[in-house]
Amino acid sequence: RVMAAEWGYSPTNGPDVWARLFPQAGGARQSPVDICTSIASSDSNLEMKKLTFAYESQSDLRILNTGHGWKVEAPQSGSRLEGGPLGEDIYQLEQFHCHWGETSAEGSEHTVDGRAYAGELHLVHWNTTKYQSFAEAAQHPDGLAVLGVFFDVGNESNDEIEKIVSTLSEIKFKGQFTDIPDVIDPTTFLPSGLGYWTYLGSLTTPPCNECVIWIVYKEPITVTEEQVTYH
Ligand SMILES: O=C(NCc1ccccc1)Nc1ccc2c(c1)[B-](O)(O)OC2
Ligand SMILES: [Zn+2]
């Protein structure tokens, strides 16, 4: 039996061939997308409820080297994301992770009018109103809600991101994990301007399940070059 090749981003295992191993990657609502600001329609019905979020601060969260970046496991039964495009359901934080590149000119998954950012943070939530587990939620079109926050490279470092990337020297290889001793409050990752684009999409990586209500903030947060490039 041919072992399922590790998916990645090379010509032989990258996005163009994912659909061979992961059928959903060939679907009709695949992410990421290029956000064309000129055709993005603003939701005229002002009844769209305000998006609200509430997080706890946690310490000793486990951080994992995924081989494509880092991921912090942060299941928070006390967290709530609701309103905006999420209807009447409540979504709970499960994990957050980043996508980055080798230079500050690339790295984000989504692009805005063709422009890539240095990186992108994903805060992943699942619908606890309708489903009993993350894995179950990931099988449904309204199962996950992901907040996307772009990273812009500037001169000031981001203290909260520093708490995370300062542990990366301990997890140099894929599959390694360690604990983040500091207290992390996910609220601090969000930009001050809360304007966002939203659309129905998918996981941006295999298995590419078409289960994500994307909420991508317009305003990036600023980090330093070191905080958002891997070496
Ligand atoms: O959770 C993931 N895989 C494991 C899995 C377990 C159970 C069912 C399906 C998948 N992947 C994943 C989750 C969320 C996001 C992404 C990838 B992303 O697109 O990178 O940003 C948002
Ligand atoms: Zn992601």
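This is a conversation between a trainee and a mentor about a predicted model, and about how the terms used for it are justified.

Trainee: What makes His 97, His 99 and His 122 the protein donors of the zinc ion (ligand 2)?

Mentor: A donor is an N, O or S atom within 2.8 Å of such a metal. In this model the NE2 atoms of His 97 and His 99 and the ND1 atom of His 122 lie 2.0 Å from the zinc ion (ligand 2), so by the cut-off of 2.8 Å they count as donors. Along the chain the spacing of these donor residues is written H-x1-H-x22-H.

Trainee: Which parts of the chain are tied together by the pair His 97 and His 122?

Mentor: His 97 belongs to strand 6 (residues 91–100) and His 122 to strand 9 (residues 119–127), so the pair ties together parts that are 25 residues apart in sequence. Both of these histidines are also buried.

Trainee: Why is Cys 208 called buried?

Mentor: The word is used for a relative accessible area under 20%. Cys 208 has a relative accessibility of 1%, and therefore it counts as buried. The residue is found in the loop between strand 12 and strand 13, and it has a positive phi of about 60 degrees although it is not a glycine.

Trainee: What makes a positive phi worth a remark?

Mentor: Most residues other than glycine have a negative phi. Another residue to look at here is Asp 60, in the loop between strand 2 (52–54) and strand 3, which is not a glycine and yet has a positive phi of about 60 degrees.

Trainee: Which residues does a cis peptide bond join, with omega about 10 degrees?

Mentor: That bond joins Pro 206 and Pro 207, and Pro 207 lies in the loop between strand 12 (196–201) and strand 13. Another cis peptide bond, with omega about 0 degrees, joins Ser 31 and Pro 32, where Pro 32 sits in the loop between helix 1 (15–21) and strand 1. As a general background, most peptide bonds are trans.

Trainee: How do you know that strand 13 is mostly covered?

Mentor: Of its 6 residues, 6 are buried. Taking the two faces in turn, Val 212, Trp 214 and Val 216 are buried on one side, and Ile 213, Ile 215 and Tyr 217 are buried on the other.

Trainee: How do you know that strand 13 pairs with strand 10 and with strand 12?

Mentor: Two strands are said to pair if there are at least two bridges between them. Strand 10 and strand 13 run parallel and are joined by 5 bridges, while strand 12 and strand 13 run antiparallel and are joined by 6 bridges, so each case meets the requirement of at least two. As examples of residues that face each other, Gly 148 stands opposite Val 216, and Tyr 196 stands opposite Tyr 217.

Trainee: Why are strand 1 (34–35) and strand 8 (115–116) called edge strands?

Mentor: They belong to an open sheet of 3 strands, which has the order 1-7-8 and mixed pairing, and each of these two strands pairs on one side only. Strand 1 pairs with strand 7 (residues 111–112) in the parallel sense over 2 bridges, and in strand 7 the bridge partner of Asp 34 is Thr 111.

Trainee: Which strand gives the largest share of the largest nonpolar core?

Mentor: That share, 5 residues, comes from strand 6. The core as a whole has 36 residues, and those with the most contacts inside it are Trp 70, Phe 96, Leu 147 and Ile 164.

Trainee: What lines the second largest pocket?

Mentor: Its lining has 30 residues, and Lys 71, Gln 95, His 97, Thr 205 and Pro 206 lie nearest the centre of the pocket, which has a volume of about 620 Å³. By class the lining is made up of 14 nonpolar, 11 polar and 5 charged residues, and the largest share of it, 5 residues, comes from strand 6.

Trainee: Is Tyr 117 buried or exposed?

Mentor: Its relative accessible area is 9%, and so Tyr 117 is buried, since the cut-off is under 20%. Tyr 117 lies in the loop between strand 8 and strand 9, and its C-alpha is 5.7 Å from that of Glu 106, although the two residues are 11 apart in sequence.

Methods. Residues are numbered from 1 along each chain as its sequence is written. Chains are lettered from A and ligands numbered from 1 in the order in which they are written. This is a predicted model: local features need pLDDT of at least 70, side-chain atom pairs count only at pLDDT 80 or more; totals for chains, interfaces and linings use all residues. Side-chain values use heavy atoms; hydrogens and water are left out. Donors are N, O and S atoms within 2.8 Å of the metal (3.2 Å for Na, K and Ca); water is not among the atoms, so sites may look incomplete. Helices (H or I, at least four residues) and strands (E, at least two) are DSSP runs, numbered from the N terminus. Buried means under 20% relative accessible area, exposed over 50%, partly exposed in between (1.4 Å probe, protein chains only). On a 1 Å grid over the protein atoms alone, a cavity is a set of points where a 1.4 Å probe fits but cannot get out, and a pocket is an open set with protein on both sides within 12 Å along at least five of seven lines; lining residues have an atom within 4 Å of a point. Grid points are joined across faces, edges and corners, and a volume is the space filled by probe spheres set on the points. Ala, Val, Leu, Ile, Met, Phe, Trp, Tyr, Cys and Pro count as nonpolar, Asp, Glu, Lys and Arg as charged, and the others, Gly among them, as polar. A nonpolar core is a set of buried Ala, Val, Leu, Ile, Met, Phe, Trp, Tyr and Cys residues joined through side-chain atoms within 4.5 Å.
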